[in-house]
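This briefing turns to the aromatic side chains of the structure shown here and to the ways in which their rings are arranged with respect to one another.

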Amino acid sequence: MIARLTDQLAPFKKQLIEHPIYQNIDCVSDLRCFMESHVYAVWDFMSLVKKLQLDLTTTTLPWQPPKNITAARLINEIVWGEESDLNKNGKPFSHFEMYLNGMNQINANTDGIDYMLNHLKAGGNIFDIIDQINLPYHIKDFLRFTFEIIEESKTHKIAAVFTFGREDLIPDMFISMIKKMNRDNDHKIDQIIYYFERHIEVDGDEHGPMALEMIKNLCGRDPVKWNEAINASQEALQKRIALWDGINFQINERVKIRI
């Protein structure tokens, strides 16, 4: 069944990997525009991770053994890497915080994501915050989908969205492009290069295979769960394509205005 799932998702993944957005990011100001929107996808990814940890491990007291020890081990290893990896300077950082460091290095605007985090700390409801925040539709729609999947609380669907909406969809040529940007500009962007390289390395070599095992473990031989996982994965990739389309439009509009 995992082969069927990957086959059905292949056209969407191809569309993302070949998306024109990558060729349109050719200077630091374009990268800044990209990161100011993409940061929300980096952030909400962690809520998928933590929801899986809540569902698959014991997080209440008194402690009891997890029902699915294999899935519990997999998600604990993934959380450890995503939430407390080592940054470029060898200090423990979440991948989200690494991304924010990259944004700060190129003076990208973090007001929107700061607003969201501050209102959540004050006890705000995530759907109300999404409605209230001044963001383009493609970002709000992407966020709503993530938290609707989480709220539905079907662990196999959450695992599928987590697995197939990942940063390994960003192609190598994009990394090469921003490395060249780092060499050719006064602005140093080594923090964000480290983020992309580290995140893709961990996803491809470690977390990606773990996540596939987790889906197989959670769906088992249940055809209903497999179909739901496939449909959720397809929708996740379609939302990512719509996000990329929206950000690409923003970059193109910026260029027109700048000219």
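What follows covers ring pairs, a ring cluster and a charge placed over a ring.

The model is predicted, and a search of the whole structure finds 10 aromatic pairs. Two of these pairs are described in detail below, followed by the wider grouping of rings.

**A stacked pair**
- The ring centres of phenylalanine 45 and phenylalanine 162 lie 5.2 Å apart, and because their planes meet at 20°, under the 30 degrees that bounds stacking, the pair counts as stacked.
- This pair links distant parts of the chain, with phenylalanine 45 in helix 3 (residues 28-56) and phenylalanine 162 in helix 9 (residues 155-164), 117 residues apart.
- Phenylalanine 45 and phenylalanine 162 are both buried.

**An edge-to-face pair**
- Phenylalanine 174 and phenylalanine 196 have ring centres 5.4 Å apart and planes at 80°, so their arrangement is edge-to-face.
- Since phenylalanine 174 belongs to helix 10 (residues 172-184) and phenylalanine 196 to helix 11 (residues 190-219), the pair ties together parts that are 22 residues apart in sequence.
- Phenylalanine 174 counts as buried because its relative accessibility is 0%, and phenylalanine 196 is likewise buried, with a relative accessible area of 0%.

**The cluster and a charge over a ring**
- Phe174 and Phe196 also belong to a cluster in which ring pairs link them with Tyr22, Phe34, Tyr99, Tyr195 and Trp244.
- At tryptophan 244, a member of that cluster, the charged end of arginine 240 sits over the ring, 5.0 Å from its centre.

Key
Residues are numbered from 1 along each chain as its sequence is written. This is a predicted model: local features need pLDDT of at least 70, side-chain atom pairs count only at pLDDT 80 or more; totals for chains, interfaces and linings use all residues. Side-chain values use heavy atoms; hydrogens and water are left out. Rings of Phe, Tyr and Trp (its six-membered ring) pair if their centres lie within 6.5 Å; planes under 30 degrees apart count as stacked, over 60 as edge-to-face and the rest as tilted. Helices (H or I, at least four residues) and strands (E, at least two) are DSSP runs, numbered from the N terminus. Buried means under 20% relative accessible area, exposed over 50%, partly exposed in between (1.4 Å probe, protein chains only). A charge sits over a ring if NZ of Lys or CZ of Arg is within 6 Å of the ring centre and within 35 degrees of the ring normal.
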